[in-house]
Structures are given as structure tokens and as C-alpha cells.
Amino acid sequence: MILFDNHTHSHHSPDSRMNMIVAAEKIREMSFRGVCFSDHYDFDPPQGIKKFNFHVERQQSEIESLKESFPDLELLRGVEIGIQPVSLEAIQAFMKKHTFDTVIASMHFVRGHDPYHGKYYDGYGFLEAYDIYLEDILKSISAFRDFDILGHFDYIARYSPYRKHEISLKTFGDILDPILRILAENGKTFEINTKTYQPFAHGTPVLDRNILKHFRELGGEAVSLGSDAHSPERIGEKFEYYSEILKHCGFRYGVYYKERNPVYFTIDN
Ligand SMILES: [Zn+2]
């Protein structure tokens, strides 16, 4: 089975120290086709966070020289752009300045907060807390379409203090459906972020398979697998397990993006 990790963070990300050579060695050892280094580039960080981005040229030139040592692997120049409705103009200007293989759009900061630090949830029940996060994703991708993959749609469940750690289609379908429709109708890819489904301080988020099935029904061709690894041992985590789930949900292809064009590979053998 071909596997590809579309979402990893090298030492260029402010919150990672992962050495690219070690990451590439791990990819080779696991017999993956390749890896995308999707370092963080966020705009408008909440108060107290100075900046959360990386030096694009330095990251890309390191990837170029890495290719010489690993000619057997696809090593992709990626970015994980932090979307927020307030940041869209700045993001568009940034996109005009740079070229990438893969662009992941995902939301970390919500209305002045980083949920990672917990305060965002104060005063909200789970319905409201998750709804606001999804609404802001929908607003952002309604206006900004220059991306390939929607990253970790359920990031908000990782750090939440509630008992409910699942963003199900049944409960949140009114916002999830238009999000999935925008992706399917515009050739974008939904991501399974395998980092999300592990124990966090208040519980373990669960992926609702009905979301995958619905994305397929809407015409979604492939789903991206991303480990969100910030260290080599997490690269490709649980990818075989989630590939099996994808097959059961009707998918036949995995995907990665090279020079912004999708490269599909079969997962059903
Ligand atoms: Zn992220």
C-alpha cells in the first residue's frame, strides 16, 4: 500500500525542532512515497504570541538540497496557513509572493484566542464552542480558495474541557455540510489529522466516519492523511488504520500535491 504524509512540521516551524534529514530517513524506513513539510504560517496571533510563522525561502532551499540525498522520495515544499476571517487579505498577499507544492488551510486562532491555551472555552458549552470554530472555517473558505487541503477541522475538540470530544455530522451537519460541499465542488481535499485522535488532557477526540462517507457522496475524490508530526516518531502515525477506514467509506485514492497539482494513488490494494 502506498502511504504519504502530507502534514509535518520541521524545525522551521516555531513549535518544532524536527530535523529534515531525520524526517526523510524515517519516511524511507517506513517505505512511504514521501512527505510534505507543512510548516506553520499564521497571521493575526492572539495577544501574547509574537509571531507564528517561518522563513519560507530558507525552508524551501533546505528541502531542495535534501532532495539530492533522497532521490527516491517525494519531498514537498508545503505550508500550513492559519486561516481566520480577519486574516484573509494578508493571506492573499502572502500567497502572491510565494510558490508551494502543497497548501494546507487550517484554523488555530479563533476570535482572539488560541484554544491550545484553554481560555477560548470559558463561558461556552460544547455546542457553541465547536459551532463558532466551524463557522469561522466556513467563512474563511467561502472567501479564500487558494489552498489544497483543509487541515484538522476538529482541532477545537483536542483541547476542549467538555465530555463531548466528537464533532459529528449528526450534531454539526448544518455547518459541516457546506464546508464539505465547498471542498468537494472545488477539488479540495479533506484531511484526517491523526494527531487529533489521541488522548488529550480532557479526553480523546473521535472521528465520525459519517463525515468521510458524506464527503465521498458529495464527490470528494480522495482524503489526505497528515500526522501533524512535530517529531520523527510521530510521522505516519496510524496511517494504515485510517487507510482501511477510508476504503470502508468508499474511497479508492489517496493524494498528495506537487506544484499545487493533485497526484492520486490507489489505496485499494
Ligand atoms: Zn495545525
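This report walks through a predicted model, from its sheet to its helices and then to a few loop residues.

Local features are described where pLDDT is at least 70, side-chain atom pairs count only at pLDDT 80 or more, and totals for chains, interfaces and linings use all residues. Residues are numbered from 1 along each chain as its sequence is written. Helices (H or I, at least four residues) and strands (E, at least two) are DSSP runs, numbered from the N terminus.

## The sheet

A good place to begin is the open sheet of seven strands, which has the order 1-2-3-4-5-6-7 with parallel pairing. Strand 1 (4-8) and strand 7 stand at the edges with a single partner strand each, so one side of each has no neighbour in the sheet. Two strands count as paired if DSSP finds at least two bridges between them. In general, strands of a sheet pair through backbone hydrogen bonds, either parallel or antiparallel.

Strand 1 and strand 2 pair in the parallel sense over three bridges. Along this pairing, F4 has G34 of strand 2 as its bridge partner, and T8 has F37 of strand 2. How much of strand 1 is buried? Five of its five residues are, so strand 1 is largely enclosed by the rest of the structure. Strand 2 is mostly covered too, with nine of its nine residues buried. Here, a residue is buried if 20 or more other C-beta atoms lie within 10 Å of its own, exposed if 12 or fewer, and partly exposed in between, with C-beta atoms placed from the backbone.

Further along the sheet, strand 4 (residues 102-106) and strand 5 (residues 149-150) run parallel and are joined by two bridges. There, A105 stands opposite L150 in strand 5. Helix 1 (residues 20-29) packs on the sheet, where it touches strand 1, strand 2 (34-42) and strand 3 (74-82). The direction of helix 1 makes about 140° with that of strand 2. Contact between two residues means that their C-beta atoms, placed from the backbone, lie within 7 Å.

## Helices 4, 6 and 7

Two packed helices are described by the angle between their axes and the distance between the axes. In this report, axes are lines fitted to C-alpha atoms, for helices over the stretch in contact, and angles run from 0 to 180 degrees between N-to-C directions.

The axes of helix 4 (residues 126-143) and helix 6 (residues 169-185) come within 10 Å and cross at roughly 25°. The two helices are therefore roughly parallel to each other, a term for angles under 35 degrees, while those over 145 are roughly antiparallel, 65 to 115 roughly perpendicular and the rest oblique. Helix 4 passes helix 6 in a left-handed crossing. A crossing is left-handed if the near helix is turned anticlockwise from the far one by less than a right angle, and right-handed if clockwise. Helix 4 contributes Y130, D131, L134, E135, I137, L138, I141 and S142 to the contact, and helix 6 contributes F172, I175, L176, P178, I179 and I182. By class, this contact has 11 nonpolar, one polar and two charged residues. Ala, Val, Leu, Ile, Met, Phe, Trp, Tyr, Cys and Pro count as nonpolar, Asp, Glu, Lys and Arg as charged, and the others, Gly among them, as polar.

Helix 6 also meets helix 7: their axes come within 10 Å and cross at roughly 35°. This crossing of helix 6 and helix 7 is right-handed. L169, L176, L180 and A184 in helix 6 meet N210, I211, H214 and F215 in helix 7. That contact has six nonpolar, two polar and no charged residues.

Which residues of helix 7 (residues 209-217) are buried? They are I211, L212, H214, F215 and R216. Their cover includes helix 6, strand 6 (189-193), strand 7 (223-226) and helix 8 (239-248). After helix 7 comes G219, with a positive phi near 105°.

## Three loop residues

Most residues other than glycine have a negative phi, and most peptide bonds are trans. D44 has a positive phi of about 50° although it is not a glycine, and E259 likewise has a positive phi of about 50° without being a glycine. The table places D44 and E259 beside Y116.

| Residue | Loop between | C-beta neighbours inside 10 Å | Class |
|---|---|---|---|
| D44 | strand 2 and helix 2 (56-69) | 15 | partly exposed |
| Y116 | strand 4 and helix 4 | 14 | partly exposed |
| E259 | strand 8 (253-258) and strand 9 (261-266) | 11 | exposed |

Y116 and R158 are 42 residues apart along the chain, and their C-alpha atoms are separated by 8.1 Å. For E259 and E191, 68 residues apart along the chain, the C-alpha separation is 19 Å.
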